[in-house]
Amino acid sequence: MSVNTQDMEIVHRVLRRESRLLMELVAAVTPGDTARAKVIADHFHVYRLGLHNHHEGEDELLWPPLLSRVDLEADIVLRMQAQHERVAATLTRLDATVPAWEATAGADERDTLVAALSEHRAVLLEHLDDEETTLLPLAAKHITQQEWASLGDHLVNNTPKLTLLTLFGAVLEDANPAERAIVLSGLAAPVRVIWHVIGRPRYARHIRRVRG
């Protein structure tokens with residue numbers, strides 16, 4: 001049993017990038033500019049849904065089979081579960097601070113949100129680094145290709161289609177040619193056509209709007 005887990009590292013790169021950019025984008029909003037705050041808040045909700053569905057897929061589809069197949073390494077899986085809970089706690093805080101800032105774009109609300117985003121990113125990065133170092137090699141040894149593919153299926157089935165196009169664009173944004181081939185190979189031919197005709201220009205417009 002040997003699964004290629006590189007696609008997970010590609011997704012993690014997106015989470016690292018977007019969690020950093022969210023802090024920078026929020027910090028740059030002029031106090032009182034609620035129109036700009038709404039654009040960034042909407043982008044946060046896309047990021048939040050993507051991260052939630054990514055972690056939910058692992059919780060439901062990855063941790064259980066791993067725990068049933070490992071012995072001494074079970075502590076790694078349990079640590080991942082605990083880290084997911086910590087990441088979820090930071091998202092709960094953001095669920096309160098993002099709307100408060102979006103409503104007024106106030107300076108105080110902005111500073112509170114930037115602090116919450118910073119805390120979120122620190123907890124997230126600790127998890128991503130640990131998962132890549134310890135968990136992915138374990139998954140490569142003990143998870144079947146079908147089980148691994150179910151993680152992507154979970155994300156697709158639980159994400160609105162237009163939001164999915166945005167997430168797909170985010171994954172491809174910094175991918176090199178070999179990584180793009182890995183990602184695109186997992187799509188049916190009609191879906192690849194939809195991405196090139198609709199998704200790619202839509203993502204470009206979204207990024208221009210969000211990043212200015």
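Me: Which residues of helix 1 meet helix 6?
Reply: In this predicted model, Ile10, Val14 and Arg17 are the residues of helix 1 that meet helix 6. Their partners in helix 6 are Ala170, Val171 and Glu173.

Me: And what classes of residue make up that contact of helix 1 with helix 6?
Reply: The contact has 4 nonpolar and 2 charged residues, and no polar ones.

Me: At what angle do the axes of helix 1 and helix 6 cross?
Reply: They cross at roughly 100° and come within 8 Å. Helix 1 is therefore roughly perpendicular to helix 6, since angles of 65 to 115 degrees fall in that class. Helix 1 covers residues 6-27, and helix 6 covers residues 161-173.

Me: Now helix 6 and helix 7. How do their axes cross?
Reply: The axes of helix 6 and helix 7 cross at roughly 155° and come within 9 Å. The two helices are therefore roughly antiparallel to each other, because the angle is over 145 degrees.

Me: Which residues make that contact?
Reply: Helix 6 contributes Phe168, Val171 and Leu172, and helix 7 contributes Arg180, Val183 and Leu184. By class, the contact has 5 nonpolar residues and 1 charged residue, with no polar ones. Val171 of helix 6 takes part here, and Val171 also appears in the contact with helix 1.

Me: What about Glu179: buried or exposed?
Reply: Glu179 is buried, because its relative accessible area is 6% and the limit for that class is under 20%. Glu179 is found in helix 7, which comprises residues 177-185.

Me: What is Glu179 in contact with, leaving aside neighbours within four places in sequence?
Reply: Glu179 is in contact with Gln6, Ile10, Arg13 and Asp174. Of these contacts, Ile10 is also one of the helix 1 residues that meet helix 6.

Me: Where is Asn176?
Reply: Asn176 is in the loop between helix 6 and helix 7. At 35% relative accessibility, Asn176 counts as partly exposed.

Me: How far apart are Asn176 and Ile10?
Reply: Their C-alpha atoms are 9.9 Å apart in space, although 166 residues separate Asn176 and Ile10 in sequence.

Me: Back to helix 6 for a moment. Is Thr163 buried or exposed?
Reply: Thr163, whose place is in helix 6, counts as buried at 18% relative accessibility. Leaving aside neighbours within four places in sequence, Thr163 is in contact with Val46 and Leu49.

Me: Change of topic. What is the phi of Ala105?
Reply: The phi of Ala105 is near 55°, a positive value in a residue other than glycine. Most residues other than glycine have a negative phi.

Me: Where does Ala105 lie?
Reply: Ala105 lies in the loop between helix 3 (74-104) and helix 4. Ala105 is buried, with a relative accessible area of 1%.

Me: On to helix 4, then. What is the relative accessible area of Glu126?
Reply: The value is 40%, so Glu126 is partly exposed. Glu126 lies in helix 4, residues 107-142. The C-alpha atoms of Glu126 and Val87 are separated by 9.8 Å, and the two residues are 39 residues apart along the chain.

Me: And which helix holds Asp153?
Reply: Asp153 lies in helix 5, residues 145-157. With a relative accessible area of 45%, Asp153 is partly exposed. Asp153 and Gly57 are 96 residues apart in sequence, and their C-alpha atoms are 8.9 Å apart.

Me: Stepping back, how many helices and strands does the chain have?
Reply: The chain has 8 helices and 0 strands. From the N terminus on, the elements run α-α-α-α-α-α-α-α.

Me: How does the radius of gyration of the chain relate to that of a compact globule?
Reply: The chain has a radius of gyration of 18 Å, which agrees with the value near 17 Å for a compact globule of 212 residues. Along its principal axes, the C-alpha trace spans about 55 × 40 × 25 Å.

Me: What share of the residues counts as buried?
Reply: Of the 212 residues, 45% count as buried. The accessible surface of the chain comes to about 10,300 Å², and 58% of it belongs to carbon and sulfur atoms.

Me: And what share of the contacts with a separation of 6 or more is between residues 24 or more positions apart?
Reply: Such residues account for 81% of those contacts in the chain.

Key: Residues numbered from 1 in each chain as written. Predicted model: local features only at pLDDT ≥ 70, side-chain atom pairs only at ≥ 80, totals over all residues. Heavy atoms only, no water. Axes fitted to C-alpha atoms, helices over the stretch in contact; angles between N-to-C directions. Helix = DSSP H or I, 4+ residues; strand = E, 2+ residues; numbered from the N terminus. Parallel < 35°, antiparallel > 145°, perpendicular 65-115°, else oblique. Contact = heavy atoms within 4.5 Å. Nonpolar A, V, L, I, M, F, W, Y, C, P; charged D, E, K, R; others polar. Rg over C-alpha atoms; globule rule 2.2 N^0.38 Å. Buried < 20%, exposed > 50% of the residue type's maximum accessible area, 1.4 Å probe, protein only. Areas by Shrake-Rupley, 256 points an atom, 1.4 Å probe, with all protein chains shown as cover.
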